[in-house]
Every structure is written in C-alpha cells, then in structure tokens.
Amino acid sequence: MKKIAVIGAGLTGAAAAATLMEQGYQVTVFDKGRSAGGRMSSKRTEQGYLDMGAQYFTARSEEFKQQVQLWLEAGKAGVWACNTALLCNEDGHSSLKNSTDDQARFIGIPSMQSPLNALLQDIPLITSCRIQKLELSQKRWTLVCETGLSYTDFDAVLLTLPPVQAQQLLKQSRLPELFHDATTLLEPCWAVAMQADASPAGDAIFCQHPKLRFISHQQHKTGRNSCYILHFNAAFSAEHLHKPPEFWFAEARVILSEELKIQQNIEPLVAHRWLYASQNDQVPAPGLITLPDQQLWIGGDWSYGGRVENAYLAGLKLAQAIIHNYKLQQETV
Ligand code: FAD
Ligand code: NAI
C-alpha cells in the first residue's frame, strides 16, 4: 500500500487526503496549526465561533456541488440566508444600498472548518507540526518537523501550502524552487471582528471602498457569535501590514460608526493578519506543479484562482494525478 504525506490541512489537503484514502492509499496529514482548517478556520469564543477567514462558499462545478450536497445532508454545511448589500465609498462619500441576488451561499456548521473536518474524519492528522525540511533517499521521503521529530518512509509528498510557504520549504530542502511568482500570487488581508448591538444593514456587504473588501454580519450563521467581521482589502492590508491590532480596531470602529451609522456601543473582539489570503488577479493561476519522477505534487486554491471551491478542486486533482501516475507505473511494469 502506497504511503502518502499531505502537508497542509486546509481544504486542498483535506480533499486530496480523503480522495486518496477512499482509493486505498495510506495517508497522513500534517499541519503547523493546532487544528485543521487553514484559511477556513473559525475562532472558538465563549459566545460562539468567529469566522476570521472564509465567510461562505459558492459551488459552480459539478464535483463541488456533489460534495456540498453530501455536507448538507450530513449537517456539516448549511445555506447562509444572507441579505446582500453594497457599500460604496468614493472620495470620502459613502453609500450603502441593497444588492440582492439569487446566488446560493454556504457555510460550515457549526464552524467553517466543520466540512473539512468531516473529510479528515478517519485520516491520521498530526497538528502543531511545521514541516521544515523534506529529504528524498532511495525513492522514500522523510519529513522533518521543526520540533525535531521526523516522519519517514513515504512514497509521495503533497504540498498544499500557500506558494511562499511551499517555496520556503523547497529551498530549505535544497529542492528546485518551482514557483516563478511565489511572492505575488497571494495577497494579505487583515480581518477584524467587532461587537455591536445594532441590527445590521446586511449580512454580506460587498465593498467598493479604498480600505475594505467585505463586511459580514454573523447573525444568520448557526453556531456563531453574532458580530461584525470586516475584511480589509489587499492594498490597505499590505500598506499597514505590521500595524498592531489597535490600529485595525480603530479603523473598523470608524467605518462602523460613520459609514454603517451604528450609534450603539462598538467593542473590539479579535484582529487577525492573514499574510497569504487572496488571489492576486493580476497574476495568472499556475495550475498544479507536479514532479512525478520524485513523487512530489504541489497545489492549492491558488492553482485555479483562489476561493474555497478552487481549494477543493485542487485537492481532488492532486489526488487524481497521483492515482493516475501509479496506474501508469503499474501498466508499464
Ligand atoms: P490553506 O487553507 O491556506 O491551507 C494550507 C495549510 O498549510 C494551513 O492550514 C497551514 O497551517 C499549513 N501549513 C503552511 N506551512 C506549513 C508547514 N511548513 N508545515 C505544515 N503545515 C503548513 N474563499 C471563498 O470561497 N469565500 C470567502 O468568503 C473567502 N473569504 C476569505 C477571507 C479571508 C480573510 C481569507 C484569508 C480567505 C478567504 N477565502 C474565501 C479563501 C479561502 O479561504 C481559501 O481559498 C481556502 O481556504 C484555501 O485552502 P487551501 O487548503 O488551499 O489553503
Ligand atoms: P460570490 O459570487 O458571492 O462573489 C464574487 C464577487 O462578486 C464578490 O467579491 C463581489 O465583488 C461580487 N458580488 C457577488 N454578489 C454581489 C452582490 N449581491 N452585490 C455586489 N457584488 C456582488 O462568491 P464567490 O465567487 O464564491 O467568491 C468568494 C468570495 O470570497 C468573494 O466575495 C471574494 O471576495 C471572497 N474572498 C475573500 C478573500 C479575502 O482575502 N478576504 C480571499 C478569497 C476570497
């Protein structure tokens, strides 16, 4: 039985691992975080979860629609009954209007990582384990974790990390650096959660704004702390990347009071910096990076243009490429 190491327990890694496991491969998943989820993580609080990363997902491909249907039936996902709105701010003049559409939007229940955890249910997962080096000897891979522990004897390795982190790992492993544009593919995003008792103007507020990308209200999300989450856009996040949470809380407070006209008390909850958040639409999506001779396979949401759905599809395609490659090898023996 082939032994496969999947590095990264975001949706790409989870989808790849589940597909490989289903086909009889022996899979172990590694993540540097304390739990699986990656950018689909919600933060647990006493009042409920806070979705600091992905807010919802849409399903357009047949493959992902089928998977979402399974999650819905298993109670791991639900439809987000959200009112959509548009916040425009031009030259300091801001306007908020309804922007209704009929797009189905889904959330994990009770947290964003619930669907992903369902995929990983029966798969060995090693967390708090940042892989810092890969070694290939006699066609067997060894993974070295920053704690000093090593995991050995893998036939193949899948890297499902953001490009900068994948490139770093390749470099530390003295492997060829396979990305041309690792630093530009994904852009940063500061995410800020704020408590305010006011009834929200919308649940999903798209922003055409010099600072913001999206404002979400969690009132209609099962299992969540009912609050606002503000996502600052890539340009503003990059410009102030190293500012402390207080800076972001102050920015969020001004926007909520002056642009969403919230009169009630506004309290800061959490600010989180995502260094590698969203696809840079100026850089073409590179697809999967595959080195079948070494059994090294690399992909992520960035392979196909960002978004939760693309992470799922990347995981599926990585697994299919490995399975196809082993079938070819068997046929030529
Ligand atoms: P990731 O989730 O980034 O997974 C990579 C994993 O690798 C991480 O868990 C990380 O801990 C781990 N890792 C990294 N380095 C190492 C190492 N050396 N060793 C071990 N583990 C390592 N998409 C939508 O469709 N809808 C949205 O509303 C939406 N909103 C978003 C809002 C924000 C703020 C952000 C950040 C993203 C949003 N996205 C959204 C994008 C979506 O979250 C991603 O496309 C998707 O979750 C990416 O999954 P992934 O598995 O490819 O990568
Ligand atoms: P979607 O179809 O809801 O949104 C796609 C885009 O269409 C939106 O970003 C927005 O610009 C526009 N849009 C959609 N409905 C709208 C409406 N009613 N009114 C005004 N504009 C509307 O979802 P899809 O295609 O699945 O995209 C995923 C979402 O994830 C997007 O909103 C994207 O911005 C967000 N995202 C955020 C990241 C971050 O770093 N904050 C990273 C990756 C994705």
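Start with ligand 1: one of its oxygen atoms sits 2.6 Å from an N or O atom in the side chain of Thr12. This is a predicted model, and three spots in it get a look here: the surroundings of ligand 1, a residue in strand S16, and a three-stranded sheet.

**Around ligand 1**

- Thr12 isn't alone in the list of nearest residues: of the 33 residues around ligand 1, Thr12, Asp31, Arg39, Tyr56 and Asp301 come nearest.
- The backbone gets involved too, with a polar backbone atom of Leu11 lying 3.0 Å from an oxygen atom of ligand 1.
- Arg39 also uses its backbone here, placing an N or O atom 2.8 Å from an oxygen atom of ligand 1.
- On its own, ligand 1 would expose 1000 Å², and the protein buries 91% of that.
- If you're tracing the shell around ligand 1 by element, look at helix H1 (11-22), strand S18 (266-279) and helix H8 (308-332), the elements that give two or more residues to it.

**Ser216 in strand S16**

- Ser216 belongs to strand S16, which covers residues 212-217.
- Ser216 counts as buried because its relative accessible area is 0%, and the cut-off for that label is under 20%.
- The side chain of Ser216 makes a polar contact of 2.8 Å with the side chain of Gln55.
- A polar contact of 2.9 Å links the side chain of Ser216 to that of Gln218.
- Leaving out residues up to four places away in sequence, Ser216 touches Gln55, Trp80, Asp203, Lys221, Cys227, Tyr228 and Ile229. Gln55 thus turns up both in this contact list and as a polar partner of the Ser216 side chain.

**The S10-S11-S12 sheet**

- Strands of a sheet pair through backbone hydrogen bonds, in either a parallel or an antiparallel way.
- In this case the three strands make an open sheet, ordered S10-S11-S12, with antiparallel pairing.
- Strand S10 (131-137) and strand S12 (150-154) are the edges: each has a single partner strand, so one side of each has no neighbour in the sheet.
- Neighbouring strands in this sheet are turned by 15 degrees against each other on average, ignoring direction.
- Strand S11 (residues 140-145) is joined to S12 by three bridges, and the two run antiparallel.
- For a residue-level handle on the S12 side, Leu143 has Tyr151 in S12 as its bridge partner.

Conventions:
Residues are numbered from 1 along each chain as its sequence is written. Chains are lettered from A and ligands numbered from 1 in the order in which they are written. This is a predicted model: local features need pLDDT of at least 70, side-chain atom pairs count only at pLDDT 80 or more; totals for chains, interfaces and linings use all residues. Side-chain values use heavy atoms; hydrogens and water are left out. Helices (H or I, at least four residues) and strands (E, at least two) are DSSP runs, numbered from the N terminus. Buried means under 20% relative accessible area, exposed over 50%, partly exposed in between (1.4 Å probe, protein chains only). A polar contact is a pair of N or O atoms within 3.5 Å; within protein, one must be able to donate a hydrogen and the other to accept it, and residues adjacent in sequence count only if both atoms are side-chain atoms. Contact means heavy atoms within 4.5 Å. Two strands pair if DSSP finds at least two bridges between them. Axes are lines fitted to C-alpha atoms, for helices over the stretch in contact, and angles run from 0 to 180 degrees between N-to-C directions. A residue is near a molecule or strand if one of its heavy atoms lies within 4 Å of it. Accessible areas come from the Shrake-Rupley method with a 1.4 Å probe; for residues, only the protein chains shown count as cover.
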